[in-house]
Amino acid sequence: MAGIYLHIPFCRQACHYCNFHFSTSLRQKNDFIAALLREMETRKDYIAAEPVETIYFGGGTPSLLTEEELEMILDRLHALYPIAQGAEITLEANPDDMAEPGRPAAWRRRGINRLSIGIQSFFDEDLRWMNRVHSARQAADSIRNAQEAGLDNISIDLIYGTPGLSDLRWEKNVGQALLLGIPHLSCYALTVEPRTALDTMIRQHKKEDVHPDDQARQFLLLMDLLAAAGYEHYEISNFALPGRRSRHNTSYWQGKPYLGLGPSAHSYDGISSRQWNIANNAVYIQSSIPPSEKEMLTPTQQLNEYIMISLRTMEGADLDHVAQRFGEEASRTLQRGAEQYIREGKMVMDGRRLILTREGKLLADGIAADLFN
Ligand code: SF4
């Protein structure tokens, strides 16, 4: 089983914290679509033998595509790739693109069966702070519009740990998502990425820096609220009602192959090679084959990647899997390294699986790095 990711590299406005690849000029959108269709053709053998179980339109802002553009892309995908019956097809959408009630219905008619909506907050003061283009009102309306159109397989993104976000307002944000009946939430602590507008503003003392203690407290609050509401905390940043996990993202975490199309998109062959397209719209558009870089992962890198990714999931790291894929010694080393964290209550051993506890999840990446081979 494989997945396809399509990167749509345009946004209406730059959010201050964002370090994804995008352009706020839509001038090249038509040329980009032509180049994307071309890349679909040239790279169709990357996952040739595998039925495609998931398609994910990410960005950028895929909801900037017109319905005709979306249809053209989906038609070409179906013509070139073995798309499985019942494939999950997700579109990332921003609330300001969903103001017209007809849009979610039109997406649904064209085959989109899951939305990932960039809500970030249900409060205008947070949205202004992030320089999001939409309002709190549009955030709530976008969800209702989608649900009324029968597109109720919805995930929303929320951001916590922004300076000035009180625990009470964070709780209200999560509460609003629950009230609206959202089956899947992706919640991220605000990170200050280098060379973003936010990074510059913090360094110029125009914006307050983030406070790790506030972020940790709000993460714990989030886990408590969603556990009480019946959500599975199936990956460190992702929560779903039973049966509503993202199949696309789950396949990343399970190490399945995926093809990334569009500028900056990453691909993985499911074994040992990873490649990524150039993050430049003009060069992407002009090239008959988009320039890309490729990395071959050594067995040690593959093991470390497995530790990093699996520890972030609810199922944890499987010592038997490590033994089978990387050798008995690698499995024993991992188990020995984990003993200290088990003693400290940051990890538990469930059968042959190492799973982070609530306290361990606060330190997930640090613990994983410490356990690297
Ligand atoms: S809409 Fe998304 S991709 Fe675009 S700037 Fe904002 S966070 Fe980044």
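Met-40 lies in helix H1, the helix that spans residues 29–42, and in this predicted model its relative accessibility is 0%, so that Met-40 counts as buried, the cut-off being under 20% relative accessible area. When the neighbours within four places in sequence are left aside, Met-40 is in contact with Leu-6, with Ile-73, Arg-76, Leu-77, Leu-80 and Tyr-81, and with Leu-261. A further residue that can be set beside Met-40 is Ser-264, which is 224 residues away in sequence, while the C-alpha atoms of Met-40 and Ser-264 are 15 Å apart in space.

A second position to examine is Thr-90, which is placed in strand S3, a strand made up of residues 83–93. Thr-90 has a relative accessible area of 0% and is therefore buried. Again leaving aside the neighbours within four places in sequence, the contacts of Thr-90 include Ile-55, Tyr-56 and Phe-57, and they also include Arg-114, Leu-115 and Ser-116.

The cysteines at positions 11 and 15 can be read in the same way. Cys-11 counts as buried because its relative accessibility is 10%, and Cys-15, with a relative accessible area of 14%, is likewise buried because this value falls under the 20% cut-off. The structure as a whole holds 0 disulfides.

From these positions the view can be widened to the whole protein, which contains 15 helices and 15 strands. Of its 373 residues, 51% are buried, Met-40 and Thr-90 being among them. Among the contacts with a separation of 6 or more, 68% are accounted for by residues that stand 24 or more positions apart; the contact between Met-40 and Leu-261 can be looked at with this in mind.

The overall dimensions can be followed next. A compact globule of 373 residues would have a radius of gyration near 21 Å, and the protein has 21 Å, so the value agrees with that of such a globule. Taken along the principal axes, the box that the C-alpha atoms fill is roughly 55 × 50 × 45 Å.

The surface and the charges complete the picture. The protein has an accessible surface of about 16600 Å², and carbon and sulfur atoms contribute 50% of it. There are 39 positive and 49 negative charges, and the mean position of the positive charges is 2 Å apart from the mean position of the negative ones.

Key:
Residues numbered from 1 in each chain as written. Predicted model: local features only at pLDDT ≥ 70, side-chain atom pairs only at ≥ 80, totals over all residues. Heavy atoms only, no water. Helix = DSSP H or I, 4+ residues; strand = E, 2+ residues; numbered from the N terminus. Rg over C-alpha atoms; globule rule 2.2 N^0.38 Å. Buried < 20%, exposed > 50% of the residue type's maximum accessible area, 1.4 Å probe, protein only. Contact = heavy atoms within 4.5 Å. Areas by Shrake-Rupley, 256 points an atom, 1.4 Å probe, with all protein chains shown as cover. Lys, Arg positive; Asp, Glu negative; His and termini not counted. Charge placed at Lys NZ, Arg CZ, Asp CG, Glu CD. Disulfide = S-S within 2.5 Å.
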